Amino acid sequence: MGEDTIFHRIMRREIPADVVYEDDDMIAFRDISPQAPVHVLFVPKKTIRGLDAAGDEDAELLGRLALAAAAYARREGFAAKGYRIVMNCNEDGGQTVFQMHLHLLAGAPLGSFGTP
Ligand code: AMP
């Protein structure tokens, strides 16, 4: 059995979130603590702890997450300006919610990242 995270509670509508997109495979909502003017999280409905727990069977789902983020960026009009997608994995990656998710960051020039 998978872990029950805050993102599962958002998916069950037990706690509110600013949902910007949803389909059979995923939900996307605004990050509660935005690190850029646009900061949206794309979360699969399938319980997967993080990228390290994903398998070959999740390849299509991972592709769908990235493509949904790209489609959102085009719809919202900032694709040409640019954006960043990030997945944090486990402790050193800075993962704090252990349900896999992709961050979409945009709306301003983004600084360097990855430094300790
Ligand atoms: P990570 O550190 O990659 O696991 O990202 C978890 C993200 O979830 C952080 O950017 C948090 O700000 C965000 N977050 C935590 N709780 C909520 C919430 N209730 N609604 C929206 N975003 C949240």
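Here are a few friendly notes on an aromatic cluster and a glutamine side chain in this predicted model.

1. **The aromatic cluster.** Four aromatic pairs turn up in the model. One of them joins Y72 and F78, whose rings sit edge-to-face with centres 6.2 Å apart and planes at 70°. Another brings together F78 and Y83, again edge-to-face, at 6.3 Å centre to centre and 80° between the planes. If you would like to pick out the whole group on screen, ring pairs link F42, Y72, F78 and Y83 into a cluster.

2. **Burial within the cluster.** Y72 and F78 are both buried. F78 earns that label because its relative accessibility is 10%, and buried means under 20%. Its partner Y83 counts as partly exposed because its relative accessibility is 34%, and that class runs between 20% and 50%.

3. **Where Q95 sits.** Now for the glutamine: Q95 belongs to the loop that runs between α3 (90-93) and β5 (102-106). Is Q95 buried or exposed? Q95 is buried, because its relative accessible area is 6%, and the cut-off is under 20%.

4. **What the Q95 side chain meets.** Two backbone oxygens are worth a look here. That of R49 lies 2.9 Å from a polar atom of the Q95 side chain, and that of V97 lies 3.0 Å from a polar atom of the same residue's side chain.

5. **The wider surroundings of Q95.** Setting aside neighbours within four places in sequence, Q95 is in contact with R49, G50, N88, C89 and N90. R49 therefore appears twice in the picture of Q95: in this contact list and through its backbone oxygen.

Conventions: Residues are numbered from 1 along each chain as its sequence is written. Side-chain values use heavy atoms; hydrogens and water are left out. Rings of Phe, Tyr and Trp (its six-membered ring) pair if their centres lie within 6.5 Å; planes under 30 degrees apart count as stacked, over 60 as edge-to-face and the rest as tilted. Buried means under 20% relative accessible area, exposed over 50%, partly exposed in between (1.4 Å probe, protein chains only). Helices (H or I, at least four residues) and strands (E, at least two) are DSSP runs, numbered from the N terminus. A polar contact is a pair of N or O atoms within 3.5 Å; within protein, one must be able to donate a hydrogen and the other to accept it, and residues adjacent in sequence count only if both atoms are side-chain atoms. Contact means heavy atoms within 4.5 Å.
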